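The following exercises are to be worked through with the sequence and the coordinates at hand. Each task is followed by a solution that goes step by step.

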Amino acid sequence: MTRHILATFLVLILIAIGLGAYAWYLQKRVARDAERAHQQQEIAPPGNGAETPVELYIASDEDGSLHKNQLTVVLPLERSERARAVLRALFGTYLQSPSPHPIGPGSDVRDVYVLDDGTAVVDTNAAFANSHPSGVLAEELTVASMVVTLNANDNRIQRVKILVDGKERETLAGHADLRRFYLAGNLNQVAKELQ
Amino acid sequence: MNPASRAPRAALVAALACVLTFAVAYLDRVHAQAESRQLAVFSLQATYSVPLVDINGLPYVGLVEVLEPLGSVDARRDGKKYKVQFTPPGGKKAELQFNEGRDKGKVRGNNFKIAANFAFQGERGYIPLGSVSSLLAQLLSTQIVLHQASQRLFIGGSETRYSLDLRKGTPSRLLIGFSSPVNPTIATEPGYVHLKFQRAPVVSSGNDSVTFDDPVLTGAFFSEHDGMAQLDITGKGALMANFADGGKTIIVTAAPITAVEATPPLPQAAAPPAQTATQAMPRPPEAPPAPRFLVLIDPAHGGDDIGAAITPSLPEKDVALALARRVQHQLAIKGITSSLLRTGDTNLSLDQRATWANAVRPALYLSIHAANTGKGVHVFTSLLPVADVSRGGFLPWDTAQASFLDLSSAVAGSIAAELEARKLPNTTLVAALRPMNNIAAPAIAVELAPNPSGVESLANAAYQDTVAQSIAAGVAAVRGKLPEVAP
């Protein structure tokens, strides 16, 4: 009887050690895959359309400003895909090193849905929000640059909703309100003040 | 089963019992630590609370947390040494030094013994609660009284005393006179009136238990616990309490039960829920409370929400709280009453902050943040279209701030002008920052960013003081434009 209990106890301990080792292995693999994905991330969007000049409103942490830059990007023909490509070009600028306004490594735009009523729903990935530098001004600059850039390249986009991994989130990194719709008109005014 | 096979099983059961006992003891300890005990500090300048931390079974307080509301503090850890410079308003700078694991330190160059060893938690230095009064007495050269069991500290004769005066008659009245105005929470139940003083430094009048030879009012009992004082009035039947003399007197008397009994009974179908006599009685007309000007300061983040990691050892929540205390101090110098939404490392959701702020009805809501990006000071008003709606009725939660934007902008502009006058780089912007949009009062947010000397400047006392002075001066300059509100 006692021998059975001890044997069961030992087996349970061995199972626990085995599960712990497997969990450690999985954690390492996830971290390695994430690193690999980040290294392979494209800075410029792929495109099947023509090379088109786009206007990017680039934020600068140094002086808290937004500056208009022109860049030539291969843009897809479909409207939502074009909006996504423009935003990915903007993120690409921020992901370069050195960056005028660094955002978290691995930040990306998963999808953009442009609706007929002038609403654009931007679905970012988790890395964008989870590793975004925290601060009122830093987050405000990111949101403003995204909304103003979208509106500058498609003036029918009048309001923007930002999602993270397909879901609504309370704030970007503790400050900027992501529960609301951002009106392009309001942020264009902000952009003018920041130029 | 023979006795030889029972012994190992008994050993296994005993081992499991030990593990369970240790687990329960550990959980109990964790639970005890998680309970946020606070030391309530009452001074003539400020009323605030400081978290109590359990170290080696003794209550400790953070040195900076205690000193910051009382003056200018510059503290830094240097290995095992903790060096603090403290300057009280209008006083001389004092230097303090303590060593980790030692019960001796230096205050103003003299040896200073504390009740137990000095300790660190991260970069913060902690001293035993029992040594706070002697330390403050040396630093402030004033009378310090610590009620250690009830976690209350009184600085510079800030105590409020009370007297009891029973006026017999029909009905009898108990007049409780206070040496300064009080605003306790009043709870009534049949035979009792409970006065709970959380913000007022009410102390015992010398006799904690008084009995009266009266058919209605039978006694008064004073007690202190958990940073607050409580005065319980006992009697026979329902009692009621009213304020008089601008809050310096509370009158306790029997509730007019006969008035309720005389009320004709309602038809059964329409009978309201049962009410106590106190709830149902007609209240005597009261003079409208005097309007007051209160600035509510909200140090952002706190608890698990650290905000931005300014440096690996300096979270935004700590910088925000330190700056908020300095702003409160500077406002007090200008004669402006202010209150902190959090005084310790507390978890508060954005909705809780807005709910509490709106309940307080401040003349101005001031949110304090810090960041390691940008430079100087960023002043924000809410990113909302200005709404021309009445401020009297219900306001939509998500856009409650819209009708106060003109006043909020006036405050932001005034603070920016004061920052400019002190040659501090500043930016004034709109931002979609919660909970500002939900505040039904003029509201701004201030974000402290580094000065040209780098990110370490965010913890610099002189830099924070200059910014706090600018904010206080900016608020004082537009005080006339902001509405005073009835409490």
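**Exercise 1. Locate Arg292(B) and classify its environment.**

Arg292(B) lies in the loop that connects α5 and β22 (294-299) of chain B, where helices (H or I, at least four residues) and strands (E, at least two) are DSSP runs numbered from the N terminus. A residue is buried if 20 or more other C-beta atoms, placed from the backbone, lie within 10 Å of its own, exposed if 12 or fewer do, and partly exposed in between. Because Arg292(B) has 13 other C-beta atoms within 10 Å, it is partly exposed. As a last step, compare sequence with space: Arg292(B) and Ala363(B) are 71 residues apart in sequence, with C-alpha atoms 8.2 Å apart.

The numbering used here starts from 1 along each chain as its sequence is written, with chains lettered from A and ligands numbered from 1 in the order in which they are written. The model is predicted, so local features need pLDDT of at least 70 and side-chain atom pairs count only at pLDDT 80 or more, whereas totals for chains, interfaces and linings use all residues.

**Exercise 2. Where in chain B is confidence lowest, and where is it highest?**

Begin with the chain as a whole: on the pLDDT scale, the predictor's confidence in each residue from 0 to 100, chain B has a mean of 82, and 83% of its residues reach 70 or more. By element, the lowest mean, 35, belongs to helix α5 (residues 277-280) of chain B, and the highest, 97, to strand β29 (residues 443-448) of chain B. Residues 257-287 of chain B have pLDDT below 50, and beyond near neighbours in sequence this stretch has 22 contacts in the model, a contact being a pair of residues whose C-beta atoms, placed from the backbone, lie within 7 Å. For the model overall, the scores are ipTM 0.74 and pTM 0.58.

**Exercise 3. Check the length of helix α8 of chain B and describe its packing.**

The expected span is 1.5 Å times one less than the number of residues. For the 17 residues of α8(B) (residues 405-421) this should come to 24 Å, which agrees with the end C-alpha atoms, because they are 24 Å apart. Next, identify the buried positions, among them Leu405(B), Ser408(B), Val411(B), Ile415(B) and Leu419(B). The buried residues of this helix pack against β26 (364-370), β27 (377-382), β28 (426-431), β29 and α9 (461-477) of chain B. After the helix comes Lys423(B), with a positive phi near 60 degrees.

**Exercise 4. Trace the strand pairing around Val160(A).**

Strands pair if DSSP finds at least two bridges between them. Strand β4 (residues 119-124) of chain A runs parallel to strand β5 (residues 159-164) of chain A, with six bridges joining them, and Ala120(A) stands opposite Val160(A). β5(A) is also joined by two bridges to strand β6 (residues 182-183) of chain A, in an antiparallel arrangement, in which Val160(A) stands opposite Tyr182(A).

**Exercise 5. How many residues does each chain give to the contact between them?**

Chain A gives 23 residues and chain B gives 27. On the side of chain A, the elements that give two or more residues are α1 (2-39), α4 and α5 (184-194) of chain A, and α4(A) gives the most, with four residues.

Methods:
Two residues are in contact if their C-beta atoms, placed from the backbone, lie within 7 Å.
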